Amino acid sequence: MEYIDLRSDTVTKPTPEMREAMAEAEVGDDVYMDDPTVNKLQVKAASMLGKEDSLFVPSGTMGNLLALLVHCKRGDEAIVGDKSHIYINEAGGMSALGGIHPRPVINQRDGTLALDDIRASIQTEDVHHTITRLICIENTQNVCGGVPLSAEYTAQVGKIAKDNGLSFHIDGARIFNAAAALNVDVKELAAPADSVMFCLSKGLVAPVGSMLVGTRKFIARARHLRKMLGGGMRQVGVLAAAGLISLEKMPGRLGQDHARAKNLFEGLKQVKGLKLDATEGSSNMVYFDLADHIRLTVDEIIVEMKKRGVLVDWAGPRRFRLVTHYWVDDTGVDKAIKGLADILK
Ligand SMILES: *Cc1c(COP(=O)(O)O)cnc(C)c1O
């Protein structure tokens, strides 16, 4: 059975064009910086984000960790959202591996960290205090609904960082979704930041890999630390070849995923028994809760949906997150809406 897989955009398998490019990729030893396909990808990613240089990394988690390790020393503090991937979904790598102290700031409903909260979280010089080194934001903000953060907001965070001598990192796992949702060039969203990580392996459909972008000096340091973490790969042009197609072909079509998420949201709004968030449909994600009168558990609904050919995943004890992507068409969206309506009727 062919399932409609709405669990995440990480489930995207490579397109036939990607598989062909992977098979034919020119490769070399990337630890020697000898892989022409990786080099090409890194030049392209840096130029698209408007930064000097970039580095191909095995995962977004490693990309974020490298940024944290370059910007902060052991014992330094990094301001992070309390609902950020860095804070809750990266196995505590920043503290376990970097000795970096997280300073969580509340993510507002719109995904932002309130500017006053950021200012108030910057440590003053005092023998008791840690040293604040870094501000991190996430764009799109996943847990808050896949919401995009505007270029204006990002610039304001950048100004706070600059005024206080701090570095500024964006976890832009889905920054191309943010750019599409806001209808701005991704460069504008990246400009205020010292470093940005984004994933090739999600809405951009590549099978593996993320990019870290920043200054030449920052990337040189990140390359050294990537080797330390065991992320120096050899003939990895076979993966970079897919990533190049991601950058060439996929940013321009993300609007289709967002339109389908909006249709999914509108359809699910008609289904009795679901409470949809207000920020939904802003990019490629739809979050909703089960109404109090629904007796079925999240797990039972997952099983029933699977019987109807649709894979969904939970996002809390009474909560779901559905994600549209390249391999979900209009029929898939209809199937998901009809499936949930049928199960909850
Ligand atoms: C997926 C994701 C990452 C990193 O993901 P990997 O699975 O390690 O590639 C980082 N931040 C956010 C917001 C994400 O959604």
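Me: How much area is buried between domain 1 and domain 2?
Reply: About 1600 Å². Keep in mind that this is a predicted model.

Me: Why give an area at all?
Reply: Because the size of an interface is often given as the accessible area lost when the parts come together.

Me: OK, and what share of that buried area do carbon and sulfur atoms give?
Reply: They give 53% of the area buried between the two domains.

Me: Back up a bit. Where are the domains in the chain?
Reply: Domain 1 is made of 4-10 plus 253-344, and domain 2 covers 14-250.

Me: How many residues does each one put into the contact?
Reply: Domain 1 puts in 18 residues and domain 2 puts in 24.

Me: And what separates their centres?
Reply: Going by C-alpha atoms, the centres of domain 1 and domain 2 are 28 Å apart.

Me: New topic: how many salt bridges are there between the domains?
Reply: The count is 1 salt bridge. Arg-174 and Asp-9 have side chains that meet in a salt bridge, at 2.7 Å from N to O.

Me: What about polar contacts across the interface?
Reply: There are 8 residue pairs in polar contact across the interface of domain 1 and domain 2.

Me: Which elements of domain 1 supply at least two residues to the side touching domain 2?
Reply: Those are α12 (254-269) and β10 (285-290). The largest share, 3 residues, is from α12.

Me: What's that side of domain 1 like by class?
Reply: It has 8 polar residues, 6 nonpolar ones and 4 charged ones.

Note on methods
Residues are numbered from 1 along each chain as its sequence is written. This is a predicted model: local features need pLDDT of at least 70, side-chain atom pairs count only at pLDDT 80 or more; totals for chains, interfaces and linings use all residues. Side-chain values use heavy atoms; hydrogens and water are left out. Domain bounds come from an automatic or database domain assignment. Contact means heavy atoms within 4.5 Å. Buried area is the accessible area (1.4 Å probe) that two parts lose on being put together, summed over both. A salt bridge is a side-chain nitrogen of Lys or Arg within 4 Å of a carboxyl oxygen of Asp or Glu. A polar contact is a pair of N or O atoms within 3.5 Å; within protein, one must be able to donate a hydrogen and the other to accept it, and residues adjacent in sequence count only if both atoms are side-chain atoms. Helices (H or I, at least four residues) and strands (E, at least two) are DSSP runs, numbered from the N terminus. Ala, Val, Leu, Ile, Met, Phe, Trp, Tyr, Cys and Pro count as nonpolar, Asp, Glu, Lys and Arg as charged, and the others, Gly among them, as polar.
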